[in-house]
Amino acid sequence: MSVPAFIDVTEEDQAAELRAYLKSKGAEISEENSEGGLHIDLAQIIEVCDVCLRDDDKDVESVMNSIVSLLLILEPDKQEALIESLCEKLVKFREGERPSLRLQILSNLFHGMDKSAPVRYTVYCGLIRVASACNAIRYIPTDLDQVRKWISTWNLSTEKKHTLLRLLYEALVDSKKSDSAAKIMVELLGSYTEDNASQARVDAHRCIVRALKDPKTFLLDHLLSLKPVKFLEGELIHDLLTIFVSAKLSSYVKFYQNNKDFIDSLGLSHEHNMAKMRLLTFMGMAVENKEISFDTLQQELQVGSDDVEAFVIDAVKTKMVYCKIDQTLKKVVISHSTHRTFGKQQWQQLYDTLNAWKQNLNKVKTSLYSI
């Protein structure tokens, strides 16, 4: 794919016209083409191309697309350094200015290149940075499955893979896309091995804090299986995560009393933590009991008698628990609750339930045949 710019003009004439235009905008560049060939011309043009971005000239987009179109016809071995140079110019140019134009040029370059070209990594990172700076991340592809395919196709090194995922995570967080950001962070942490898990300490720490802060994230047990998170065992941050995974509200209260400064240092809200732990505790109780009295809820959730019903209503809104309030008998009747953890025991329960359904269906089938 190429980006159309000029019609019926040779590459040499196109380069000369670009030189003349940039010089007219004040760039220190000769109007004469280099004797070294098109890639030398492009190197000199890209070096000063940011001068045209400073004006609102209607020709700027055509000029930049002309540069892109010339880049795309170069031999792959001559493209990489020039593409990296152009991306650097577009990303760093007066951050915040002309964002839509810079985003469009990077997008044209990205989609115009061979899909397997490793240097697309550099362009994609540039797209993320510019989109993030102008709150336009929704306009670029960020789907995790697609990103995985690109990482494989571009044959990225471990370091580049981590850089890309970390950059994408930060951009999604800044754009308030917490669900997508969480998936990217889990992908990042899951890419570490036992040999390099210690290098992911900061990422693991950040992932845990972000998950605890997120008001829509309640299931956290999958984090404990990630190698970088396992590397934090024995530290307060890991103890806190373990509490949110499987312990009750009383355990969190005790932890907070002993480690108030630590909670504050993480930027976590104690009130928010209490609210989340009340729900998680209720979820655990609902899995084990079909009926729970108001008195028990008051004691376990540390709420007043007048607050029980309001709490249950809010809990149902999260869709983590389905239940009904029996005001006459002062109890909550559970229909269903999401498991906080899903391990061997839960898989066995699921197997037993499905097996029972299968046996019942076979009985119905046998009865129908006997009619």
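## Strand pairing

Two strands count as paired if DSSP finds at least two bridges between them. With that in hand, let's look at the strands of this predicted model.

Strand 3 (residues 331-337) has pairings with two strands worth following in the viewer. Strand 1 (residues 291-293) pairs with strand 3 in the antiparallel sense, over 3 bridges, and I292 has V332 as its bridge partner there. Strand 2 (residues 321-326) also runs antiparallel to strand 3, with 6 bridges joining them. One bridge to look up is that of V321, whose partner in strand 3 is S337. Strand 2 and strand 3 form a hairpin with 4 residues between the strands, and in this hairpin K330 takes a positive phi near 55°.

## A pair of helices

Now turn to helix 4 (residues 76-92) and helix 6 (residues 120-133), whose axes come within 10 Å and cross at roughly 0°. Because angles under 35 degrees count as roughly parallel, helix 4 is roughly parallel to helix 6.

On the helix 4 side, the contact is made by I83, E84, C87, L90 and V91, while helix 6 brings T122, V123, G126, R129 and V130. Sorted by class, the contact has 6 nonpolar, 2 polar and 2 charged residues.

## The nonpolar core

In soluble globular proteins, nonpolar side chains tend to be buried together. Here, the largest nonpolar core has 121 residues, and those with the most contacts inside it are M64, L86, Y124 and F282.

M64 is a handy place to start exploring. Setting aside neighbours within four places in sequence, M64 is in contact with C49, C52, L53, L86, L90 and I105. Of these partners, L86 is also among the residues with the most contacts inside the core, and L90 takes part in the contact of helix 4 with helix 6.

Methods: Residues are numbered from 1 along each chain as its sequence is written. This is a predicted model: local features need pLDDT of at least 70, side-chain atom pairs count only at pLDDT 80 or more; totals for chains, interfaces and linings use all residues. Side-chain values use heavy atoms; hydrogens and water are left out. A nonpolar core is a set of buried Ala, Val, Leu, Ile, Met, Phe, Trp, Tyr and Cys residues joined through side-chain atoms within 4.5 Å. Buried means under 20% relative accessible area, exposed over 50%, partly exposed in between (1.4 Å probe, protein chains only). Contact means heavy atoms within 4.5 Å. Axes are lines fitted to C-alpha atoms, for helices over the stretch in contact, and angles run from 0 to 180 degrees between N-to-C directions. Angles under 35 degrees count as roughly parallel, over 145 as roughly antiparallel, 65 to 115 as roughly perpendicular and the rest as oblique. Ala, Val, Leu, Ile, Met, Phe, Trp, Tyr, Cys and Pro count as nonpolar, Asp, Glu, Lys and Arg as charged, and the others, Gly among them, as polar.
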